[in-house]
Each structure stands twice: as structure tokens, then as C-alpha cells.
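Welcome! Take a moment to look through the sequence and turn the structure around before reading on.

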Amino acid sequence: MDLKIVIAGLGGEGIIFMTRVLVEGLYRCGQPVISTETHGMAMRGGSVISQIKVGDYRSPLIRYREADLLVVTAVEEAQRTLPYLKEGGIIFKNTPQRGAHCIDASGIALRIGNPRGGNLVLLGYVLAHLAPAISLEPFLEVTEELTPERFLTGNLKALQEGWQKASQANKGEDKGEGDQAARDN
Amino acid sequence: MKQRGLSGKVLMGNEAMAWGIVEGGATVAASYPGTPASEIMETVFRIKREHNLNIYTEWSVNEKVAFEVALTNSYLGRRAAVMMKQMGLNVALDSLMSSAYTGVKGGFVLIAADDPGPYSSQTEQDSRYLATFAKIPVFDPSCPQEAKEMVKRAFELSEEYEIPVMVRPTSWVCHSRQGVGLNKIGERDEIPSFKKDPQRWAATPRFRYRLHRELNKKIREISSRNHPDPVSNPGGAELAVVASGVPYAYAYDVIKATGLEERVALYKVDLPYPLGPEVDELIQIYPQTLILEETYPVIELQIGCRENARGRIDLTIPSEGELTPDIVAHVFDTLLGEGVSETRTPPEEGRKPSLCPGCPHRAAFWALRKALPQGIYPSDIGCYTLGLNLRAVDTCLCMGASVNQAAGLYHSFKQGGRSIPPIVATIGDSTFFHAGIPGLINAVHQGACFVLLILDNGTVAMTGGQPTPAENSPGKRIEIEEVVKGCGVDFIRTVDPYDIPLLIQLLKEANRYARDEEKGVAVIIARHPCLIYGARDEDRREGEIVVGEECDLCGLCTERFECPALRTGPQEGPMIIKTLCTNCGFCVFVCPQEAIKRT
Ligand code: SF4
Ligand code: SF4
């Protein structure tokens, strides 16, 4: 797999947790992966991004217009971080609005009784687009290891809901763009 | 040496370095938290817990203390590590300079993590400069795996030459994640023994000269063994790149992505100081050589003849700001005469950070602005620097400066014969312990008059909630009130900043004491646990906060009070984001129309 992913959102939303699940899951799928994330001052509600590169890379930083996937957890960050996305790349958004690769992750999270699980719903949704190069199991496994007991059921459910949502969407509508994302080599 | 087996896993650079410390067999590790270094020590604590490791660990009160505690273990012939952010090294610089002369016994590794950009610091200084200043070798890792290996190599080098050795990662190493191979934990069993040698450990100036000569000899020897690694060396390359640290990784990726493998030779430097003679020779071979390093020109300055060298000194690379893959790609194009490739527009500035919803500091700053709106507010380093957004922070120099700047303000206004404005310094609990105490003693002793508001949330919140000597630590509890009293302060009040009216009243009282009556320093301790790292059940308040009809859209709560849980809604009115709101009720107090209510 050769893939560059940017996750954009606001500090305090658990983007680091989401990045960890993604990176450790990919590693367990046997993919060479390197990533980086924002820490420190910006985490207090400021704009934060994580960058993840899968393939033969030495540095975790992604150049502008090189990301295959842009994953936006707070929709107000979408426009601003667009310069990262390459031509033909896909942007996944957490938003109640309808559109290609949009998912109301926060709404779903609220509905399943895990109000802070929106990011995992979104992650599950993105991961489904990388199948069949990957399966959900390793990511569930990592989530299980990283989640404190009392949030465990909610977090696993969130990841699964997102994954299923994408599979349903793929069955209904034509599935084309998603495959581009997982250029297997 | 006993050994235990382990396998590989995904680690953050800081976690990887912690593994380097335990695999390297350190028996003492000490640190003071600071981004981007904090997770190194946190991980050492975790490994110690999970593997029942015999190692002495401490969160010290500041970096100088941490340095000296760790260094002493090395005097006793055992391995030790000390970790800090780059600005922390300024605090420990005195110890570093002198320890380079005395040298060490057991391997002694100093990890100083830099923050090019800067993202979470007052400067983007390059700690490698301080390594050259102190004359100690410095490793410059490019990724987590390498950072771990370099910590171990640093122990070896340190022991071989009896010299402190620095490892200098940057943010994108500290906070990168990567699969890292784990080796055996090296539990060492050297018995601590102090061999008295006053001419070394307690050298007077006369012997210091001799120690300096020995230090120079060590550095010369290490330099002669320091060879750059020829990563790729195609015949007839038009450009050679000599790189260290993360910029090496950028160069590697950009060369590959743009198909320059045949045209560019790549050399990697692990130890930027003391540089060996080979880099000078390299520069003579190629038509031009580009030096890539973060953040100051350390390798570059050690080059004898810079005629064919490109880098920061000749401004090929910008002199400030972090190096990025985009800059590297751009410079390659320019130097190879490729015409300048399309410039890629970076994203606009994002949302600025702000204090968490319900953060006790927000209440304290609001009270401060209400009580003494004409004041000057020197402040300090921590989450509360974000009091800037509430216009309650006027200065932020470095750890502990708030107290001294408040004293400075008083003396200057007084000397200048001007009426003295209310002066209120704010400092966090951990910063107070770190560097505020000497300043307070000095201020009291010299007769300065001002209000000192200690924002005590019981933790080092900015860096992830580490303990302080007063809170969350298994050690003996040091009461801030007792310390303040011991510094000679007579006016001491403690208050919960959630009680905004009471805090306002106390601030006015303190200002009367300090400014109007000129009786000295008045200290108020505003104590309430950090909502992220010290949340208590009793802080969950009943009822729900709602915005009523009375709201006249003045924007005070969203713009000036700027609670992140209060955003401007579609009709321009304030809207409470339920998932973020902590129910603290500050906004009820803030709204002049009494439109915000608790139901
Ligand atoms: S982490 Fe704690 S101290 Fe820092 S802004 Fe949030 S609540 Fe305030
Ligand atoms: S009660 Fe008001 S000030 Fe407190 S968190 Fe909620 S919106 Fe913010």
C-alpha cells in the first residue's frame, strides 16, 4: 500500500487517539507506516493535524497537494486544510450535511450513546474505503487495548458503525472513487 | 548485567527514547516536563511500573535540579539520563558547561528536544549550538527508531570518553510514530561508589584550565572518528546533500518522489558536532553541496571553506521557521536549474488555541479584568499564557519571569516618579516552584509592592498533567502557602476562582495593600483543579446552561470571554455546544443582560 493521509480537526477532540488507532492498526496489517501529530499549546482547542504515510518513507510530513485522503473531524477545518489534498484525492467529512464521503459521525455517535466517539465512527468509515487491503479486526484490537474499560463497548461500537455505514453506502450507490484510495502494490 | 526479552511495536519518538534509556541501562532518570520532550520521562515511569524495573526516577522541580541529580549518578560510575525541552536547557546551562569540564564516569545522556517553528515555545533555538558551546558531542536523530539507537550509542560514547553526550531530537521526531524494534532491558548492577578526586570533582580555577585541555583533547579525538554516512552516491552527481536529523528524512523522500536519484548524492551526519574532516573534503568533490539541518547552521559553521556550500548562511535556506519538505523540494529545483516548480499554497492560519471550557484560569482572568481593569499584568509559561485572549496577560518572557517583571515594573514606575498602576503578576503552581521562588524572595526583600496571583490547578497541565511538589505526587507534600510565607510575604489569601465575586473582592483588597498602602507583595492563591487532569465529581454541577430571549447579541461571551463551548450560532447569537460545556456557569456571571441562565 502507498498512501498519504492527513487528519484535520480541533485540539481536545481526541485526534491523537484516532491517529494511534489508525497507525497501530496499519502496522498490524503489515504496512510500513510513519506518522506525526500536534502536541502542546495548539491542543487547547486550536487547529491540529495528524499526518500518516504508508509505504517506503523516512519522514512523516506530507507536502501540500500530496495527500491521497483528507479526513476532517471538525467541518470548519475542511476549507482551510484543502491545500494538503492532491488532485483526485478524497476528502472525508464529519458533517450532518449530505454529499460524497460525508458522514454524520457525531450524530451517529450520539445515537449509539457514545457522544465523544464521533472520531472513531469517522475512522471506521474511512477504513472501509481501504478494504479489502485491510480488515477491521486489527483496528478493533488496537481500540480495545487503548480504551479504558468504561468506554470500551461504546468505542468498539463506534468503529463498527462507521465501517458498516460505508459498506451500506457502497452497496447502494456506485462505488468508484473509494478504490483509488487503496492503491495496493 | 541481567537481560529480559521483548518484541517490536509502534512507538512515539519520545517513547522510543525512553526505551533507549532503559535498554541502555540507566539507573537514574530525571526530567522537568516541557513540549516536545514530556512523554520521554512519562514513558520511563510507565516501563518502570510495567516491568518492575529498578531505576530511580523523578520529576524534578526544574531542569537544573534534574540535570544535577542525574549527573551525580554518573559521577558514581553508573548510567544516567536527563530530559528536557530546549528552553529547559537554558535553565540547566550552568550545570552543563561545568560538567563538560569535570567530565563523567558512567554514561551520561542529556536529551534536549527542540521545537522548530516554534509550535509550543518562546524560541526556536537549536540545542546543538549549546552542545558546541559546552564542547560536548551531540547526536541528531531523524526518526523514532534511530532516536532510540542514538540514546544507546550516546551512553557508549559518553562512557568511553567520560564526557556528557547530548541527543537532540526535534518535534517531528518526538511526536512521530513508527514501528520500533525493542531489545532487552539492560538492568545494570554497578554499585554506586564515589571515588574522591577533588582536582576533578571540586576543581578550583587553576585545575579547570587542565580540565579544559583534556576536554579539547576528547573532542578532537571524537571528531577524527566522526564520518558521514554515504547513503547514496551515484557517479557524477550534480549536487551533494549533507543532512542531519529530520531534514535528512525530507531529503530522502523528496529525492525519491521527484526521481533525482541519479543527480543527487546524499550523505547523512549522525553527530553534527564535533564534525569530522570528511565533510570538508566532500565539498571539494561536488559542484555544489547543500547542507540541510534544523534549525541553526551548526554543521555549516564547522566547514572550513564554504565557497561551494549552500545552506542557511548564504540564505539558500530561510534563516527562521522550520524546514519543510516543500522548502527542500524548492531548493533542489533551484540548485539543479530546474526552473522553480509551482509554489504550493500552504493552508491559512488555523483556529488559535484557548483555555478549555470550564478552566479555572478563565474565571481567574475574568475576575482580574473586572477587579483591576487599569492594571499591568506580567505573566508566565503554561496553559494560562492563553489568558492573552482575555487580555489579562501583558508579558510572557520565560519561566518565572512574571514575579521579577512585576517587581521591575514597581521599581521603574517608582524611580521614574510616576503614579504606579495596579500590578498583578500571574504564575502557575508548577512554574512558581520551578523558578518563581527566588524572585519572590528577592521582591519581598527589595521592598517591591505588587499583587501575585498564583494560579494553582495542582498539575503541570500544558504538558499533559504531570505532578507538582504540592499535588499528585507520592512524595512529601510542599504547601504553597508555607513556601510563600517562608519567602517573607505577610498578605496571603487562598480562594477558589470558581467563586468569581469573592476573587474580585480579594484582588481589590490585595491591590489596596500592595499599591495604595505600599505594604509589600500581596499573594492570592487561586486554587481549583485543572478540569482535564484533575476533574472531580463534585465539579459536576446540576442543571443545564441555556441562552434566553434577553440576549441582545453583544458578543461579550463568545468573543471576549471566548469559552470554546460558546460559539456564534446561525442567527449570530451565542449557542452552547452541549458536548463541550462543563456546566461551570461562568457565562451566567459574565452575561450583562442576564440572558444566560442555569435551569
Ligand atoms: S488543561 Fe487544565 S489548565 Fe489547561 S486550559 Fe484545560 S482546564 Fe485549563
Ligand atoms: S457553562 Fe458557560 S462558560 Fe461554562 S463551559 Fe458551559 S458555556 Fe462555557
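Here is a short tour of confidence, a ligand and two lysines.

This is a predicted model, and the predictor gives the complex an ipTM of 0.90 and a pTM of 0.94. Chain B has a mean pLDDT of 94, with 98% of its residues at 70 or more. At residues 1-6 of chain B, however, pLDDT stays under 50, although the model has 21 contacts beyond four places in sequence for them. Where pLDDT is low, the predicted coordinates should not be read in detail.

Next, find ligand 1, which lies between chains A and B. Among the residues surrounding ligand 1 are Arg44(A), Cys356(B), His361(B) and Cys530(B). Sorted by class, its shell has eight nonpolar, two polar and one charged residues.

Now for the two lysines of chain A. Here is where to find them:

| Residue | Element |
|---|---|
| Lys4(A) | strand S1 (residues 3-10) |
| Lys165(A) | helix H6 (residues 152-172) |

Lys4(A) is buried but has no salt bridge. Asp2(A) has the nearest side chain of opposite charge, and it is 4.4 Å away; a salt bridge has to be within 4 Å, so this pair does not count. Beyond four places in sequence, the contacts of Lys4(A) include Ile52(A), Tyr57(A), Glu66(A) and Leu69(A).

Is Lys165(A) buried or partly exposed? Lys165(A) has a relative accessible area of 37%, so it is partly exposed. Leaving out residues up to four places away in sequence, Lys165(A) touches Ile103(A), Ile108(A) and Tyr125(A). The C-alpha atoms of Lys165(A) and Gly124(A) are separated by 8.6 Å, while these residues are 41 residues apart along the chain.

Methods: Residues are numbered from 1 along each chain as its sequence is written. Chains are lettered from A and ligands numbered from 1 in the order in which they are written. This is a predicted model: local features need pLDDT of at least 70, side-chain atom pairs count only at pLDDT 80 or more; totals for chains, interfaces and linings use all residues. Side-chain values use heavy atoms; hydrogens and water are left out. Helices (H or I, at least four residues) and strands (E, at least two) are DSSP runs, numbered from the N terminus. Buried means under 20% relative accessible area, exposed over 50%, partly exposed in between (1.4 Å probe, protein chains only). Lys and Arg count as positive and Asp and Glu as negative; His and the chain ends are not counted. Contact means heavy atoms within 4.5 Å. pLDDT is the predictor's confidence in each residue, from 0 to 100. A residue is near a molecule or strand if one of its heavy atoms lies within 4 Å of it. Ala, Val, Leu, Ile, Met, Phe, Trp, Tyr, Cys and Pro count as nonpolar, Asp, Glu, Lys and Arg as charged, and the others, Gly among them, as polar.
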